[in-house]
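I opened the notebook to go through one model. The plan was to look up empty space first, then charged contacts, then one helix, then rings.

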Amino acid sequence: MVKKKSKLVELDIVRAFAILAVLIIHGTSEATVELPVGSGSQALFLAVNKLSNFAVPLFILLSGLVLFYRYIDDWSGKQAVTFYLKRVKQILFPYLIWSAFYYLYNQWIFYPQQLHWDWAQFLDLLPWADASYHLYFMVIIVQFYLLFPLLVWLCRAWSGFRKSLFFIGIAIQAAFYSYNHWIEPLNHTASLSVTYFSLFTLGGYIGMNYDVFTAWISRHIRWVLPLTILLGLGFMGLFLLEVLTKAVLDNTWYTLLFNIYPMFAAMSFIWIGRKLLQHWPKVSRALLSLGAVSFGIYLMHPAVLTYWRTHAVIGSGSMLDYYAYTISAFLLSLLVPWVVISIYGRIRKSIRSTRSRPPQRGAA
């Protein structure tokens, strides 16, 4: 019998960093296009937005890490069935429910007089997550879940495949990018798993060798962390250069940094998470709490953000008011879902506790 592996607690801290980055991206997206191009405020919001672009790639890398860490030594036909049943419950059902929610919610916000339900229209939204701009991540993850059994089987059956998993992921992604960029553009590339294959396989490689990785990152963080910062500044710099100088750069440079930056960010955040657990327990508890509810915040925050943006009054129209409006959008999209999910969790826990409590015998 395979010994059950311990939970990698520090990954919840990494998820907290990732969901904060998601909220920053969505919270500042409006400012990057509404403010005068080339102005100091627009450049500031654009810089913060692009520095946070590790978010979705980081979540994908974490998915690969957790899956391979959990199943590389404990995989079978029975495990495959259990694996898929869990994913239907944890991913497919929430995806359908929240797609339906946003299908109706966005109508209510923008076209309240035309609120309706059309099955054909709704079903047409599902394949590429068109019900809301953030749900494409779930389409990507479903694709990786479909591919995972094959990948883990190959890793278990062939040591060469296991050792080369990351490089195989790079080769697959590079081949796809080359075809799409230089031969024939494909549709929905942002929602295809091959767009992120190297990230998922790097996560898988780290997950299969987690103890070796943590020892390695402890020795090399002195150059990994500064390089992560430089990569982030480089990625941000490409967009600022484009805006400020009207330079047109080949998309390949953006794509390279979009992938490499999150890889090093993931390694740095894992090290930071482990250090926070050791030396900053209060900060760790807050981040662990946030990381534990990150999936719920991801699902819910666009509803809060949309409501705020369609109902808030900026005020006098000064830049100070605009900064307050944008920062408030970020804070509300973080705090409202966090509170709602926490209350929901307590209610569920209370119901489960009541159900599990043995019935009291009546008086004799």
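Entry 1, cavity. I looked up the largest cavity and noted a volume of about 30 Å³. The model is a predicted one. My search of the whole structure for cavities of 30 Å³ or more gave 1. I listed what lines the largest cavity: Gly27, Glu30, Ala31, Arg309, Tyr322, Tyr325, Thr326 and Ala329. I then asked which helices each supply at least two residues of this lining. They are α1 and α14, the latter running over 319-356. The largest share comes from α14, with 4 residues. Sorted by class, I have 4 nonpolar, 2 polar and 2 charged residues in the lining.

Entry 2, salt bridges. I counted salt bridges and got 6. I took the pair of aspartate 73 and lysine 5 and read 3.3 Å from N to O. Aspartate 73 sits in the loop between α3 (55-71) and α4 (77-110), while lysine 5 sits in the segment before α1 (10-34), so this salt bridge ties together parts that are 68 residues apart in sequence. How accessible are the two partners, aspartate 73 and lysine 5? Aspartate 73 is partly exposed, at a relative accessible area of 38%, and lysine 5 is partly exposed too, at 32%.

I went on to arginine 274 and glutamate 10, whose side chains meet in a salt bridge at 3.2 Å, N to O. Arginine 274 belongs to helix α11 (residues 251-279) and glutamate 10 to helix α1, so here the parts tied together are 264 residues apart in sequence. Is glutamate 10 buried or exposed? I have glutamate 10 as buried, at 6% relative accessibility, whereas arginine 274 is partly exposed, at 29%.

I also looked up aspartate 74, which forms a salt bridge with arginine 70; their closest N and O atoms are 3.2 Å apart. Aspartate 74 is partly exposed at 25% relative accessibility, and arginine 70 is partly exposed at 35%. Last in this entry, I noted a network of salt bridges that links Lys7, Asp12 and Arg15.

Entry 3, helix α2. I checked the span of helix α2 (residues 40-51). At 1.5 Å a residue, its 12 residues should span 16 Å, and I found the end C-alpha atoms 16 Å apart, which agrees. Which residues of α2 are buried? I wrote down Ser41, Gln42, Ala43, Phe45, Leu46, Ala47, Asn49 and Lys50.

Entry 4, aromatic pairs. I counted 45 aromatic pairs in the structure. One of them is phenylalanine 68 with phenylalanine 148, edge-to-face, with 5.0 Å centre to centre and 85° between the planes. Phenylalanine 68 is in helix α3 and phenylalanine 148 in helix α6 (residues 136-157), so the pair ties together parts that are 80 residues apart in sequence. Phenylalanine 68 is buried at 0% relative accessibility, and phenylalanine 148 is buried at 0% as well.

I then looked at phenylalanine 144 and phenylalanine 197, a tilted pair with 5.8 Å centre to centre and 40° between the planes. This pair links distant parts of the chain, 53 residues apart, with phenylalanine 144 in helix α6 and phenylalanine 197 in helix α9 (residues 197-208). Phenylalanine 144 counts as buried at 1% relative accessibility, and phenylalanine 197 counts as buried at 5%. I closed the entry with one aromatic cluster, formed by Phe68, Tyr71, Trp75, Phe83, Tyr84, Phe144, Tyr145, Phe148, Phe197 and Phe200.

Definitions and conventions
Residues numbered from 1 in each chain as written. Predicted model: local features only at pLDDT ≥ 70, side-chain atom pairs only at ≥ 80, totals over all residues. Heavy atoms only, no water. Salt bridge = Lys/Arg side-chain N within 4 Å of Asp/Glu carboxyl O. Buried < 20%, exposed > 50% of the residue type's maximum accessible area, 1.4 Å probe, protein only. Expected span 1.5 Å × (residues − 1). 1 Å grid on protein atoms, 1.4 Å probe; cavity = no way out; pocket = protein on both sides within 12 Å on 5 of 7 lines; lining within 4 Å. Points joined across faces, edges and corners; volume = space filled by probe spheres on them. Nonpolar A, V, L, I, M, F, W, Y, C, P; charged D, E, K, R; others polar. Phe/Tyr/Trp six-rings, centres within 6.5 Å; stacked < 30°, edge-to-face > 60°.
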